[in-house]
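This report examines how two chains meet and how they are related by symmetry. The sequence and structure are shown below.

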Number of protein chains: 2
Amino acid sequence: MKVYDYWRSGASFRVRIALNLKNISAEQISIHLSKDGGMQHSDEYKAINPQELLPTLITEDGHRLTQSMAILEYLDEIYPEPALLPADPIGKAHVRSLANIIAADTHPIQNLRVLQKLKASGWDQEQVNEWVAHWIELGFNSLEKIINQADVQGQYLYGDEITLADIALVPQMVNAKRFGADLSGCPRVVETIERLLQVPAFDKAQPQNQPDAEV
Amino acid sequence: MKVYDYWRSGASFRVRIALNLKNISAEQISIHLSKDGGMQHSDEYKAINPQELLPTLITEDGHRLTQSMAILEYLDEIYPEPALLPADPIGKAHVRSLANIIAADTHPIQNLRVLQKLKASGWDQEQVNEWVAHWIELGFNSLEKIINQADVQGQYLYGDEITLADIALVPQMVNAKRFGADLSGCPRVVETIERLLQVPAFDKAQPQNQPDAEV
């Protein structure tokens, strides 16, 4: 397998976690998101992923897969151990819902291209920081309420097994810290992220631990 | 089943389509998204869905499910006919990826709460329109390139069967028209949406055909 990724890409971070959890080795091909206006917009990468976003996974038999959450579901189907979704349909629905609170309703509103668009409209860094912080606080505070009320309790977002929801969540912490989100309203979410970062598959996937990291 | 929805909610529109396709009857409970600052923010609805977003599905046995794409996956698992995902893992990955280009990377950037936040920051209607149009054009133009290059071709986004991707896509057309997106770059996406709107399950789910429509 090959994965086009970048150390700072939150969506790539998710795929790295899943590959590590399932002990799948994949060659990492770094696509620099800011050099020369962003290598994701190069003709070469556009031919691989017309959406000009990371990550892209190339499977063993040469299929090109895009969109991190779709890739995670694929990996979970092909390499079922450890399972990233509960076995029961209601459990699956809850986990996918928790995952999408981050993957649909939090992350895409404040990823790189959105912040670039806001800056191009004249926003200064302070306005951009407030924007990022706002959406992360809203997402994390919703998660906090939902996990506190849930029937299934445990050390992670949905019980005691790591799920797609945990994988979607953890990379969002990078932006939360970088843009100064106020996380005082969601102590359990923060604690869960810290617990997950102790798991080697998560730790190894962190931005600063990637071969292309510039830190 | 019961579904908390609203005629103008794009995410609710998706769930209505799936319920119709699978011939499941569900009681619709209308949550007015603008009256009195938005009934989704009422204490009563917050207790049902702490994210204060639509839709919420209440299953036959009383489970509360949120997030439209998670609900669609649940319905597809419990009521497998007609299937909304291909049987093969690669096909599933492609369909989920197409779906997420809209459900994660297009819709959440220009839904109601985001536009309200932009207006609160001082943007006028013209700036808001340009914002919405920009993200829809980017999403639809990506889809156009991807479906034109895909191995699997047919009358819908992924072959000749209706999938989660079609269901995620169609409701986005409402905002595309309302905010004046330029769709000249994606004729096949537009044609596919028009074809899908001829399918009774999609037509019946349209905003103007809901009991709470104000048209």
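In this predicted model, helix 4 (residues 89-103) of chain A packs against helix 3 of chain B at an angle of about 160°, the two axes lying 8 Å apart. Because angles over 145 degrees count as roughly antiparallel, helix 4 of chain A is roughly antiparallel to helix 3 of chain B. The crossing of these two helices is right-handed.

The residues that make this contact are listed by helix.

| Helix | Residues in the contact |
|---|---|
| Helix 4 of chain A | Pro89(A), Lys92(A), Ala93(A), Arg96(A), Ser97(A), Asn100(A) |
| Helix 3 of chain B | Met69(B), Ala70(B), Ile71(B), Glu73(B), Tyr74(B), Glu77(B), Ile78(B) |

By class, the contact between helix 4 of chain A and helix 3 of chain B comprises 7 nonpolar, 2 polar and 4 charged residues.

Across the whole interface, 31 residues of chain B are in contact with 31 residues of chain A. On the chain B side, two or more residues each come from strand 4 (64-66), helix 3 (68-78), helix 4 (89-103), helix 5 (112-120) and helix 6 (125-149). Helix 4 of chain B gives the most, with 9 residues. The side of chain B that touches chain A divides into 17 nonpolar, 7 polar and 7 charged residues.

A turn of 180° with a shift of 0.0 Å along the axis lays chain B on chain A with an RMSD of 0.0 Å. The two copies are therefore related as by a two-fold rotation axis. Within chain B, the C-alpha nearest this axis belongs to Ala104(B), at 2.1 Å. Both copies use the same surface, since 97% of the contact residues of chain B recur in chain A.

Definitions and conventions:
Residues are numbered from 1 along each chain as its sequence is written. Chains are lettered from A and ligands numbered from 1 in the order in which they are written. This is a predicted model: local features need pLDDT of at least 70, side-chain atom pairs count only at pLDDT 80 or more; totals for chains, interfaces and linings use all residues. Two residues are in contact if their C-beta atoms, placed from the backbone, lie within 7 Å. Helices (H or I, at least four residues) and strands (E, at least two) are DSSP runs, numbered from the N terminus. Ala, Val, Leu, Ile, Met, Phe, Trp, Tyr, Cys and Pro count as nonpolar, Asp, Glu, Lys and Arg as charged, and the others, Gly among them, as polar. Copies are superposed by least squares on the C-alpha atoms of residues with pLDDT of at least 70 in both. Axes are lines fitted to C-alpha atoms, for helices over the stretch in contact, and angles run from 0 to 180 degrees between N-to-C directions. Angles under 35 degrees count as roughly parallel, over 145 as roughly antiparallel, 65 to 115 as roughly perpendicular and the rest as oblique. A crossing is left-handed if the near helix is turned anticlockwise from the far one by less than a right angle, and right-handed if clockwise.
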